[in-house]
Amino acid sequence: MQTVLSPKAKELPRAEEAEKILRSCVHCGFCTATCPTYQLLGDELDGPRGRIYLIKQVLEGKEVTAKTQEHLDRCLTCRNCETTCPSGVQYHNLLDIGREVVEKEVPRSLAQRLLRTGIRTVIPRPGLFKALCSTGMVFRPLLPSSLKRKIPPLPEPPKERPRRHHKRKVLMLEGCVQPTLSPNTNAAAARVLDKLGISVVSATEAGCCGAVDYHLNAQERGLQRARHNIDSWWPAVQHGAEAIVQTASGCGAFVRDYGHLLEHDEEYAEKARVISALAKDLAEIIRAEPIETLNPSANQRVAFHCPCTLQHAQKLGGAVEDILTRFGFNLTSVPDSHLCCGSAGTYSITQPELSMRLRDQKLKALESGNPDEIVTANIGCQTHLSGARKKPVRHWIEIVEESLNPQPTPIESRPEDMISPFA
């Protein structure tokens with residue numbers, strides 16, 4: 001696509017990247033056919049091709065309006081379009097660039113500013129999130145139904161993490177909301193890895209991956225969180241940690257992008273590249289191991305929701321399905337499995353109407369095969385789908401671990417109980 005950036009746009013730090021992406025788009029329209037918001041709304045400007053055109057206008061110096069912002073806000077950043085695109089257009093990077101420019105040009109309402117500030121204040125802080133969420137869980141029965149639906153029930157406490165020391169060690173990103181909303185997920189992952197001879201080492205200094213800030217257009221704050229995590233993980237990396245494992249595919253997709261996002265940072269570019277190379281989804285680690293030797297005893301019918309951040313961003317569609325099949329689970333068919341469930345990070349909060357419509361479509365597809373269980377690979381999707389109060393949705397590693405240990409004993413466990421990275 002022919003593009004002539006305005007003098008102002010040429011001064012942007014990522015101007016060259018934006019121009020390259022714009023020029024790679026041939027406006028073929030294949031992306032439109034798989035875009036969830038275009039399917040819902042039928043508006044060209046609510047599809048990737050239309051949004052690319054809007055960003056092109058912005059970067060060429062045309063007028064930026066609230067409607068421009070609205071169409072960009074409605075994008076889920078599911079990256080389905082990137083999977084479909086025959087030209088390899090890096091749409092999500094262009095969207096980040098365009099959104100940042102529009103954010104500076106179009107002032108938001110007070111209500112929108114408060115909402116976004118509130119999200120960025122609470123979600124990346126696990127302690128604050130847990131305190132607020134736990135209070136809501138306790139008083140949930142007393143709340144009005146409209147608010148009650150937004151607060152999950154109290155989860156089961158996690159089971160103990162293993163304390164054995166293995167030669168092979170990996171780091172694990174604990175996450176912001178997962179320790180509160182699904183506390184057994186990381187514990188189950190640590191126990192399964194332990195059975196495979198892999199220790200999960202402590203890295204409690206690491207915090208939010210940075211995606212929440214970055215995708216709400218507080219991009220520098222998101223990069224600051226990335227730098228903090230790199231510093232937190234670096235000693236263990238130097239002492240032989242073979243991977244940085246994420247059980248939430250949304251976090252994993254962003255950590256994998258550290259190398260690209262910090263490539264012009266003289267101090268962090270090389271470290272970020274190393275960290276991105278070490279970032280692995282849990283499925284990548286377990287799929288490569290001889291899991292049949294664990295003698296699993298699974299017999300459930302399972303519907304697997306493959307998050308967009310796993311299949312489109314990390315290109316790991318089929319990885320979890322392969323593991324579940326090898327463990328003996330019977331996978332049901334899920335129509336239109338490539339489409340987003342509507343969670344999309346904070347999208348379910350900022351765009352609730354569209355998000356709920358996508359959720360209902362996804363649940364209908366997941367339940368069409370009459371599964372015993374619905375599982376996923378991302379805490380955002382898990383919480384969003386569970387919010388319908390239909391069939392419970394869990395992380396896939398929990399049912400895998402249960403197939404090895406039919407009757408585990410629940411006891412309280414904390415990330416700091418894990419072994420030292422220098423043990």
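These legends walk through a few close-up views of a predicted model.

**Figure 1. The whole protein chain, built from 25 helices and eight strands.**
Let's start with the big picture. The C-alpha trace spans about 65 × 50 × 45 Å along its principal axes. For 423 residues, a compact globule would have a radius of gyration near 22 Å, and the protein chain agrees with that at 21 Å. Buried residues account for 55% of the 423. Take the contacts between residues at least 6 apart in sequence: 75% of them join residues at least 24 apart. On the outside, the chain exposes about 18700 Å², with carbon and sulfur atoms supplying 53% of that area.

**Figure 2. How confident the predictor is along the protein chain, where the average pLDDT is 91.**
A score of at least 70 is reached by 94% of the residues. Which element has the highest mean pLDDT, and which the lowest? Helix α18 (residues 269-278) takes the top spot with 98, while helix α11 (residues 145-148) sits at the bottom with 64. Two stretches call for extra care. Residues 408-412 have a pLDDT below 50, and beyond near neighbours in sequence this stretch has ten contacts in the model. Residues 417-423 also stay under 50, with 23 contacts beyond four places in sequence. Where pLDDT is low, don't read the predicted coordinates in detail.

**Figure 3. Strand β1 (residues 168-173), a mostly covered strand.**
Five of the six residues in β1 are buried. Strand β1 pairs with strand β2 (residues 198-201) in the parallel sense, over four bridges. Look for Val 170, which stands opposite Val 200 in β2. Strand β1 also runs parallel to strand β3 (residues 244-246), and three bridges join the two. Here, Leu 171 has Ile 244 in β3 as its bridge partner.

**Figure 4. Arg 74 and Asp 46, joined by a salt bridge.**
Side chains of opposite charge can pair when their charged atoms come close. In this pair, the N to O distance is 2.9 Å. Arg 74 lies in the loop between α6 (66-73) and α7 (80-84), and Asp 46 in the loop between α4 (36-41) and α5 (48-59), so the salt bridge ties together parts that are 28 residues apart in sequence. Are these two residues buried or exposed? Arg 74 counts as buried at 18% relative accessibility, and Asp 46 is buried too, at 1%.

**Figure 5. Asp 194 and Arg 164, another salt bridge, at 2.7 Å from N to O.**
Asp 194 sits in helix α13 (residues 184-195) and Arg 164 in the loop between α11 and β1, so far along the chain that they are 30 residues apart. Asp 194 is buried, with 9% relative accessibility, whereas Arg 164 is partly exposed at 49%. Elsewhere, salt bridges that share partners join Asp 46, Arg 51, Lys 67, Glu 70 and Arg 74 into one network. The structure holds 31 salt bridges.

**Figure 6. Asn 217 and Asp 336, two non-glycine residues with positive phi.**
What is the phi of Asn 217? The value is about 70°. Asn 217 lies in the loop between α14 (211-215) and α15 (219-238), and counts as buried at 14% relative accessibility. Asp 336 has a phi near 50°. Its loop runs between β6 (330-331) and α22 (347-350), and Asp 336 is partly exposed, with a relative accessible area of 49%.

How values were computed:
Residues are numbered from 1 along each chain as its sequence is written. This is a predicted model: local features need pLDDT of at least 70, side-chain atom pairs count only at pLDDT 80 or more; totals for chains, interfaces and linings use all residues. Side-chain values use heavy atoms; hydrogens and water are left out. Buried means under 20% relative accessible area, exposed over 50%, partly exposed in between (1.4 Å probe, protein chains only). Two strands pair if DSSP finds at least two bridges between them. pLDDT is the predictor's confidence in each residue, from 0 to 100. Contact means heavy atoms within 4.5 Å. The radius of gyration is taken over C-alpha atoms; the globule rule is 2.2 Å times the number of residues to the power 0.38. Accessible areas come from the Shrake-Rupley method with a 1.4 Å probe; for residues, only the protein chains shown count as cover. A salt bridge is a side-chain nitrogen of Lys or Arg within 4 Å of a carboxyl oxygen of Asp or Glu.
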